[in-house]
Amino acid sequence: MRTRITLLLLAALLGAAASARAQSASQPETRPRSNGLALTPPMGWSSWNQFGDDINEAIVTGTIDAMVANGMRDVGYVFVNLDDGWQRYKGSRKAHPLEYDPVKFPRGIAYLAEYAHARGMKLGIYSGPGETTCAGYTGSIGNEVRDAAMFASWGIDHLKYDSCCSHKNAPPPVVQKIFRDMSNALLAQKRGVVLHACHCGWANIWEWAPALGVNHWRIGQDISDDFNYPGNREGYYFDVLDMLDRGVGLEKYSAPGHWNDYDMLIVGLNGKSGELVGTGASNIEYRTHFSLWAMVDSPLLVGADVRHLDAYSLETLTNKEIIALNQDKAGSIARRAVDNGELQIFVKELADGAVAVLLLNRGAATANMSFSPRRDFAMPIDRYSVRDLWAHRDLGVHDGVFTAEVQSHEARVFLIRR
Ligand code: GLA
């Protein structure tokens, strides 16, 4: 009798385990998968926005040297990421191996990784889950394990893995597989490699990318060098405000280790990119763009030629007080607390209890903008100190409502403390 009861119990337990397995096979894993990296949004430089695929060893070493010399490395920009165009061959992976271009990179990629590491920086590289990449170079499809091992052996620290807007209408498991295969291959390496899944903001990637171990994912198509271009350039490109609006509702998917990516920065391109479309933005607009990307916890990947940055752009990109908002360890993305169309207020709560407040004027005329933490942010704060993070000035203690003048297309950023 006792044996029968034991057997029945065992059968019941085995049945429960089998059904749990069946359930987990049919329901995709949703818990974030951590590689322990990107606990704050990655900061660095990427070759694409300025150079397109016209890159080479001298540009990369010159960029690293410049970032050390101009202070960018020391405020946190440590990644130097090769985008598309480092590869030797154009055309299908079936027809060509994946190798670096020996003319552009005579000493190879491992040399550049060593060059970066010796200066306290990191090196990133680019590939994609197709036969070819976006610019037509050989991709990684079917060779994920081999390529991940090659990248790791070179000392790579970051991979941008770009579907190039392919698989738009593919069923979710198919789209997920192309990124999972590379994520698994990277996780099997001893080297920690930050994974960026670039999928044009399609297939609700933010819902499933964290569970695949992706560290950041683009929320939209490519940015153009514009603050507010009417419509989408060429029906494809997003300007700064388009990208900002694209992120509304996605705030909850961003968290330490897994970030919404609003695309690479256009600060300093000044309409002179060798690659991106767009006519450039004003200094104030670029500063607004930078402040917004910081507030929404986007990776801060500079796209301009940092070897020749103008003084205003460098000052914008190295504002430590703004960077601190982006790198705050709470990782709580700014929410749009007030939205009057042209006048919007963003609020970001920081780990130490301070609150960052960004006043954005999207309109054509200067405006006075006001906020009260209690009325507008539902925060029990009546008396608070205010610091202006662009003027680097304390503005004293205030009660209730605070008012500031905000120019057209300007963002003023304040830190308030109880
Ligand atoms: C796509 C990406 C860009 C860049 C290019 C490279 O367009 O969105 O950021 O990586 O491919 O070909």
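A polar contact here is a pair of N or O atoms within 3.5 Å, and that idea helps when you look at how the ligand sits in this predicted model. Take D83: one of the polar atoms in its side chain lies 2.7 Å from an oxygen atom of the ligand. Beyond the ligand, the protein chain is assigned two domains, domain 1 (29-326) and domain 2 (335-417), and there's plenty to see where they meet.

**Around the ligand**

- The residues surrounding the ligand are W48, D83, D84, Y126, C134, A135, K160, D162, C198, R218, D222 and M264.
- D222 also reaches the ligand with its side chain, where an N or O atom is 2.6 Å from a ligand oxygen.
- With A135 it's the backbone that matters: a polar backbone atom there is 3.5 Å from an oxygen atom of the ligand.

**How the two domains meet**

- Measure from C-alpha centre to C-alpha centre, and domain 1 and domain 2 are 30 Å apart.
- At the interface, 21 residues of domain 1 are in contact with 21 residues of domain 2.
- Together the two domains bury about 1,900 Å² between them, and 65% of that is on carbon and sulfur atoms.
- On the domain 1 side, the residues that lose the most area to domain 2 are M295, E321 and L325, which together make up 32% of what that side buries.

**Polar and charged links across the interface**

- Four salt bridges are counted between domain 1 and domain 2.
- If you'd like a salt bridge to look up, try R362 with D245, where the closest N and O atoms are 2.8 Å apart.
- Polar contacts turn up here too, with 11 residue pairs found across the interface of domain 1 and domain 2.

**What the domain 1 side is made of**

- Four helices each supply at least two residues to the side of domain 1 that touches domain 2: α8 (240-246), α9 (283-295), α10 (311-317) and α11 (320-326).
- The biggest giver to that side is α9, with nine residues.
- Sorted by character, the residues on that side of domain 1 are 11 nonpolar, four polar and six charged.

**Salt bridges in the whole structure**

- Counting everywhere, the structure holds 25 salt bridges.
- One of these salt bridges joins R88 and E99, with 3.1 Å between the closest N and O atoms.
- Both R88 and E99 sit in the loop between β2 (79-81) and α4 (108-118), 11 residues apart.

How values were computed:
Residues are numbered from 1 along each chain as its sequence is written. This is a predicted model: local features need pLDDT of at least 70, side-chain atom pairs count only at pLDDT 80 or more; totals for chains, interfaces and linings use all residues. Side-chain values use heavy atoms; hydrogens and water are left out. Domain bounds come from an automatic or database domain assignment. Contact means heavy atoms within 4.5 Å. Buried area is the accessible area (1.4 Å probe) that two parts lose on being put together, summed over both. A salt bridge is a side-chain nitrogen of Lys or Arg within 4 Å of a carboxyl oxygen of Asp or Glu. A polar contact is a pair of N or O atoms within 3.5 Å; within protein, one must be able to donate a hydrogen and the other to accept it, and residues adjacent in sequence count only if both atoms are side-chain atoms. Ala, Val, Leu, Ile, Met, Phe, Trp, Tyr, Cys and Pro count as nonpolar, Asp, Glu, Lys and Arg as charged, and the others, Gly among them, as polar. A residue is near a molecule or strand if one of its heavy atoms lies within 4 Å of it.
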